[in-house]
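Biologist: Could you walk me through this model? I would like to go through it a piece at a time.
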Amino acid sequence: MGPKKRVSIRINGVNYLHEVEPRLLLIHYLRDVVGLTGSHIGCETSVCGACTVMLDGAAVKSCTVLAVQADGAEVLTIEGLAQGEDLHPLQEGFWECHGLQCGYCTPGMILSAYQLLLRRPDPTEEEIRRAVDGNLCRCTGYQHIVDAVQYAARKMKK
Amino acid sequence: MPVSKLVGARIKRREDPRLIRGLGHYVDDINLPNTLHVAILRSPHAHARIKAIRVEEALKCDGVVAVITGSDIQEQIGPVPVASQNPTLRVPKHPVLTVDKVRFVGEGVAAVVAEDRYTARDALDLIQADYEPLPVVSDPEKALEPGSPVIHPEWPDNVAFRWALKQGNLAKAFKEAYKVVKQRLVHQRLAPIALEPRGVLARYLPGEKELTLWSSTQIPHILKTQLSLMLRLPENRLRVIAPEVGGGFGSKLNVYAEEALLGYLAIRLGRPVKWIEGRRENIQATIHGRGQIGEVEVAVRKDGTILGLQYKVVADIGVYHQLLTPGIPPLTGLMLSGCYRIPAIGIEVVGVFTNRMATDAYRGAGRPEATYVMERMMDRLAQELGIDPVKIRQKNFPKPKEFPFKTATGLVYDSGNYQAALRKALKLVGYEKWRSEQKRLREERRYLGIGLSTYVEICGMGPSAAMPAGGWESGTVRMEPTGKVTVLTGASPHGQGQETSFAQIVADELGVDLDDITVIHGDTAVVPSGIGTFGSRATAVGGTAVFQSAEKVKEKAREIAAHLLEADPEDLVFSDGKFSVKGVPKKGITIQQIALEAHVAKNLPKKMEPGLSATSVFEPSNFTFPFGTHICVVEVDPKSGGIEIKKYVAVDDCGKVINPLLVDGQVQGGIAQGLGQALYEEVVYDENGQILSGSLMDYAVPKAGDLPRFELARTETPTPVNPLGVKGVGEAGTIGSTPAVVNAVVDALTPFGATHIDMPLKAEKIWRLCQGKKAARAGGGR
């Protein structure tokens with residue numbers, strides 16, 4: 001198993017310092033070590049995207065990143081998206097447009113959409129669908145998710 | 001229902017604030033101190049004798065607490081249950097961990113319990129299991145052939161059960177037919193793929209002798225009963241909690257080996273234990289859906305009138321029965337009449353053991369198969385007779401005034417107006433326009449197809465007499481002393497939004513604010529009794545129970561109000577949560593004030609019990625039968641085999657609608673899954689019983705970019721079966737959509753001589769069909 005490595009990761013604006021096994025996945029670090037269980041695990045092959053978080057400004061699937069690779073980095077998870085009681089426009093959009101049912105894919109879905117809106121503030125439907133192609137949702141058929149992202153884009157433009 | 005404000009309103013969900021912040025608690029998000037983690041060694045073989053299992057090395061591993069094999073627990077845990085009333089059913093003993101043989105890839109062989117999940121997983125690799133491979137029966141039709149390898153030696157024919165139904169004069173129907181059209185249809189195996197895999201957390205308190213089991217399940221109460229039997233624990237010492245559940249689609253409408261195993265381990269080890277299913281495990285060892293191979297024959301008159309139908313099904317059961325396995329193919333049989341008048345119907349089902357995971361209820365559960373059979377056949381008949389597919393459907397619909405409509409299979413359809421839904425869908429899609437467009441494009445060697453599906457489904461499960469484990473549902477409405485309302489429902493949701501829709505029902509009835517209502521579900525220690533959420537039953541049955549309890553609460557409140565206002569109860573009016581005497585609106589008392597009076601109980605009518613709460617158990621008199629029309633327009637590229645969905649229209653009738661936003665969501669998600677079956681999804685087992693689609697890399701769940709936008713509309717035909725008039729909508733999309741897509745693709749490829757293509761409609765299949773065939777010059781469209 002080898003010696004533990006020290007990692008220092010800033011998550012949702014808070015600095016964390018831990019000794020971890022080098023093989024520990026970032027998703028398990030977030031969920032089991034830090035206790036942020038909002039990011040989920042839906043597969044082990046980087047297909048479903050339920051574990052998506054922002055790592056230094058890019059959406060990554062945290063089931064295929066080691067915690068040690070995130071050493072010194074900044075991570076944003078779903079728990080860090082709202083400012084206190086104020087929801088992020090994406091969160092608001094998912095709520096307004098019924099963009100979730102069971103909610104399991106939602107945190108990852110929102111963070112993939114978050115990356116999209118950083119890069120393209122005014123995306124077309126096709127761009128939205130392509131942007132979340134790495135996030136599976138089994139409940140919604142995606143239509144309300146597209147609506148939710150469009151809602152957020154409109155709101156953020158204002 | 002009184003005139004309402006909230007029922008029927010597009011209200012956003014009350015579940016969402018926690019879920020969009022990542023603050024929900026699915027099983028794996030619940031952490032108890034001192035929890036041990038369980039990993040399960042699963043069979044790599046589809047059929048093999050276990051020669052030896054050596055666990056010593058695994059036990060030596062640092063952090064490993066226990067390693068359990070099948071022989072360690074065969075006396076301690078009873079078999080995995082099946083609920084069925086079929087007298088021909090053969091029930092192989094279904095152990096929690098197998099003992100002497102493995103019979104499908106993924107069958108549990110041993111379990112490691114360790115201090116953390118990585119160690120548990122590591123130790124699996126240190127268990128040495130020696131297998132002697134045995135001949136495999138993977139294909140259900142081959143399993144029936146003489147000389148086939150045998151799965152359960154006590155039944156050498158591999159037959160799991162038979163089920164048949166025959167009504168009307170079939171011989172006459174087929175004799176008098178102008179034409180008999182035959183078709184073989186394969187309903188491939190599907191994996192439900194709830195995005196949250198299964199998971200179990202179990203804790204035993206030895207002092208209290210109480211086992212609490214958190215499980216990602218759709219049926220906490222049924223699970224509690226079954227676990228008490230499997231573990232031989234008194235049921236009143238067992239508590240099952242379904243916390244946030246990340247999707248089910250029928251896959252969690254079950255009692256699984258792991259649930260009993262974890263309960264047992266928690267008791268034995270005296271520490272909480274947790275098992276979280278991986279996705280590969282999920283595809284191997286969580287139930288699959290569909291898996292039917294059918295031969296259908298339809299006898300028809302020249303004008304398109306159907307005279308009779310004969311259907312023979314080979315149902316791929318797998319090795320063992322899960323909870324409802326044998327009940328699914330008969331549901332196909334019962335629904336075979338579809339939304340048509342068919343005087344004579346014969347069905348023969350043979351359930352076959354194969355070296356595969358069990359099939360069971362997956363969204364639609366037997367009804368998508370029935371709808372697919374009938375809707376494909378309507379198009380086949382139309383093609384054979386040269387009739388428009390719309391006309392042949394209209395020809396065979398029962399008229400609205402014929403409802404309640406009795407089918408040859410013995411069901412009584414509660415209410416319906418199939419013509420209206422079809423008309424609306426045709427208008428919405430622009431049917432005639434697409435037909436001329438199809439004609440025009442064929443001249444350009446472009447292939448457009450228009451596919452219809454006019455479906456009816458059986459929902460609101462259901463009268464207890466027709467259900468294997470009860471068809472009622474419970475609902476409690478309790479007004480707290482402070483005027484807040486607590487609602488308890490036995491219908492345990494997993495994404496359907498009952499915390500919102502049930503609150504809407506209660507808010508209207510009691511005139512209280514939506515935000516003052518909390519809906520609690522999924523905890524057997526809090527919710528007194530229940531069946532669960534499945535079969536599009538939650539609102540029709542569970543919602544009705546809640547509604548009836550709210551009515552009882554209101555009636556009791558009225559009596560208290562009359563007592564306090566010194567008026568006759570008949571003279572009171574109730575409006576906006578306030579009782580007042582007719583004509584004296586100023587003098588009144590709110591339901592919140594009454595709740596307090598009921599609790600302090602100092603001034604109540606004589607002999608009235610204190611408190612303001614009521615529990616109802618609703619037993620429906622019949623199923624409900626939602627229906628609708630889906631129309632899909634595709635363009636197929638014969639050069640690539642690619643299919644483009646150009647338009648998708650769904651007109652669904654689920655009776656009264658409580659919350660249109662939620663109904664839209666259910667329909668859209670349902671269509672996505674039905675489309676997944678039509679175009680992409682298939683659990684592929686090879687002849688050795690190995691799963692070739694064993695991860696999400698290979699099992700093709702539809703992605704956002706694969707799907708079009710769906711255009712939805714509704715007609716509204718209330719059901720007389722419950723006072724809310726609601727029918728259920730959870731499965732409509734899945735049931736209605738699949739044949740619409742396949743019919744569209746076959747329609748597009750008619751110039752290539754296509755009459756039928758089995759699902760999934762992969763590009764390769766389409767491409768092969770078009771190869772070497774020169775498309776007939778278009779001309780007449782169909």
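Modeller: A word on terms comes first: a residue counts as buried under 20% relative accessible area, as exposed over 50%, and as partly exposed in between. Please keep in mind that this is a predicted model.

Biologist: Okay, so is A:Asn12 buried, exposed or partly exposed?
Modeller: A:Asn12 has a relative accessible area of 24%, so it is partly exposed. The residue lies in the loop between β1 (5-11) and β2 (14-20) of chain A, and its phi is near 50 degrees, a positive value in a residue other than glycine.

Biologist: And what about phi of B:Ala365?
Modeller: Phi of B:Ala365 is also positive, near 45 degrees, and this residue is not a glycine either. B:Ala365 sits in the loop between β15 (344-353) and α11 (367-385) of chain B, and with a relative accessible area of 8% it is buried.

Biologist: Switching topic, how many helices and strands are there in chain B?
Modeller: Chain B has 20 helices and 28 strands. Its radius of gyration is 28 Å, close to the 28 Å that the globule rule gives for 782 residues, so chain B is as compact as a globular protein of that length. Buried residues make up 66% of those 782 residues, and of the contacts in chain B with a separation of 6 or more, 80% are between residues 24 or more positions apart.

Biologist: Where is B:Arg103 found, and is it buried or exposed?
Modeller: B:Arg103 is in the loop between β4 (101-102) and β5 (108-114) of chain B, and its relative accessible area of 12% means that it is buried. Leaving aside neighbours within four places in sequence, its contacts include B:His47, B:His152, B:Tyr320 and B:Arg356.

Biologist: Which peptide bond leading into B:Pro404 should I look at, cis or trans?
Modeller: The bond from B:Phe403 to B:Pro404 is cis, with omega near 0 degrees, and B:Pro404 lies in the loop between α12 (389-396) and β16 (405-406) of chain B. The bond from B:Met759 to B:Pro760 is cis as well, with omega near -10 degrees, and B:Pro760 lies in the loop between α19 (732-748) and α20 (763-770).

Biologist: Last thing, how much area do chain A and chain B bury between them?
Modeller: They bury about 4700 Å² between them, with 53% of it on carbon and sulfur atoms. On the chain A side, A:Trp95, A:Arg138 and A:Gln143 lose the most area to chain B, together 19% of what that side buries. The contact takes 52 residues from chain A and 56 residues from chain B.

Terms used:
Residues numbered from 1 in each chain as written. Chains lettered and ligands numbered in written order. Predicted model: local features only at pLDDT ≥ 70, side-chain atom pairs only at ≥ 80, totals over all residues. Heavy atoms only, no water. Helix = DSSP H or I, 4+ residues; strand = E, 2+ residues; numbered from the N terminus. Rg over C-alpha atoms; globule rule 2.2 N^0.38 Å. Buried < 20%, exposed > 50% of the residue type's maximum accessible area, 1.4 Å probe, protein only. Contact = heavy atoms within 4.5 Å. Buried area = accessible area lost by both parts, 1.4 Å probe.
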